[in-house]
Amino acid sequence: MQFNDLYQEILLDHYKHPRNRRDLSHIPDSHLHNNPTCGDSVKLEVDVKDGIIEKVYFDGHGCAIDMASASIMTDIVKGKSKEEAISFVENVLAVLRGESKEPLDNYGDLVVFSGLRDYPVRVKCATLPWHALLAELKSLK
Ligand code: ZN
């Protein structure tokens with residue numbers, strides 16, 4: 001698969017220097033989300049204060065696409081309310097899967113995944129952290 005050089009650079013930067021990644025071994029493995037097609041796995045910790053997402057941390061193992069997607073995600077959902085974040089995540093999933101034709105330019109560094117929808121196997125890598133976040137948000141009180 002080919003990325004243009006700029007996108008590749010941003011993607012690799014998130015992969016090599018992930019934002020908000022830390023050891024989450026205190027979170028039970030029942031919160032581990034897996035993508036068996038690629039061997040990706042991700043776990044999240046979502047800190048919500050006064051109804052606003054203050055921090056999202058991730059931990060896990062995966063390919064560059066999965067890890068970069070998680071890193072980008074933890075940065076761009078900060079500051080949203082739980083409800084805003086849920087609809088935002090649902091939009092992102094629709095765009096990444098190609099169900100929405102909205103350009104990824106509107107989603108910060110997620111622009112690196114423009115063109116990914118032509119590679120269905122890799123789409124699962126990029127969407128994994130977002131599915132995980134949706135599950136965590138919906139389970140919040
Ligand atoms: Zn993957």
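**Sheet, helices and zinc site**

Modeller: Three strands make an open sheet in the order 1-2-3, with antiparallel pairing.

Biologist: Why is one side of strand 1 and of strand 3 left without a neighbour in the sheet?

Modeller: Strand 1 and strand 3 stand at the edges, each with a single partner strand, so one side of each has no neighbour in the sheet. Neighbouring strands are turned by 25° against each other on average, direction ignored. Such angles run from 0 to 180 degrees between N-to-C directions; axes are lines fitted to C-alpha atoms, for helices over the stretch in contact.

Biologist: Which helix packs on the sheet?

Modeller: Helix 4 (residues 120-139) does, touching strand 1, strand 2 and strand 3. The direction of helix 4 makes about 35° with that of strand 2. Contact means heavy atoms within 4.5 Å.

Biologist: What are the ground rules?

Modeller: This is a predicted model: local features need pLDDT of at least 70, side-chain atom pairs count only at pLDDT 80 or more, and totals for chains, interfaces and linings use all residues. Residues are numbered from 1 along each chain as its sequence is written, and side-chain values use heavy atoms, leaving out hydrogens and water.

Biologist: What makes strand 1 and strand 2 a pair?

Modeller: Pairing needs at least two bridges found by DSSP. Strand 1 (residues 33-35) and strand 2 are joined by three, and run antiparallel. His 33 stands opposite Val 42 in strand 2. The hairpin has four residues between the strands, and Gly 39 takes a positive phi near 85° there.

Biologist: How many bridges join strand 2 and strand 3?

Modeller: Nine, in the antiparallel sense. Val 46 has Val 56 in strand 3 as its bridge partner. Ser 41 stands opposite His 61 in strand 3. Two residues lie between strand 2 and strand 3 in their hairpin.

Biologist: What sets Asp 50 in that turn apart?

Modeller: Asp 50 has a positive phi of about 50° although it is not a glycine. Asp 50 sits in the loop between strand 2 and strand 3.

Biologist: Why is Asp 50 called exposed?

Modeller: Exposed means over 50% relative accessible area, buried under 20%, partly exposed in between (1.4 Å probe, protein chains only). Asp 50 has 75%, so it counts as exposed. Lys 16 in helix 1 has 58% and is therefore exposed too.

Biologist: Why is Asn 20 only called partly exposed?

Modeller: Its relative accessible area is 22%, so Asn 20 is partly exposed. Asn 20 lies in the loop between helix 1 and strand 1. Its phi is near 60°, a positive value in a residue other than glycine.

Biologist: How do you know that helix 2 has the expected span?

Modeller: Helices are DSSP runs (H or I, at least four residues) and strands likewise (E, at least two), numbered from the N terminus. The expected span is 1.5 Å times one less than the number of residues. The 13 residues of helix 2 should therefore span 18 Å; its end C-alpha atoms are 18 Å apart, which agrees.

Biologist: Why do you call helix 2 largely enclosed?

Modeller: Buried residues number 10 of the 13, so helix 2 is largely enclosed by the rest of the structure. They pack against helix 1 (5-16), strand 2, strand 3 and helix 4. One of them is Ser 69, buried at a relative accessible area of 0%.

Biologist: Which residues does Ser 69 contact, leaving aside neighbours within four places in sequence?

Modeller: Phe 113, Ala 126, Pro 129 and Trp 130.

Biologist: What makes an atom a donor of the zinc ion?

Modeller: It must be N, O or S within 2.8 Å of the metal (3.2 Å for Na, K and Ca); water is not among the atoms, so sites may look incomplete. Here the protein donors come from Cys 38 (SG), Asp 40 (OD, listed twice), Cys 63 (SG) and Cys 125 (SG), lying 2.2 to 2.8 Å from the zinc ion. Asp 40 in strand 2 (residues 40-49) and Cys 63, in the loop between strand 3 (52-61) and helix 2 (64-76), link distant parts of the chain, 23 residues apart. Both are buried.

Biologist: Where does UniProt place the NifU N-terminal domain?

Modeller: The unreviewed entry places "domain: NIF system FeS cluster assembly NifU N-terminal" at residues 7-125. UniProt positions follow the numbering used here, feature names are shortened, and annotations may be inferred rather than shown by experiment. The span is 37% helix and 19% strand, with its end C-alpha atoms 17 Å apart.
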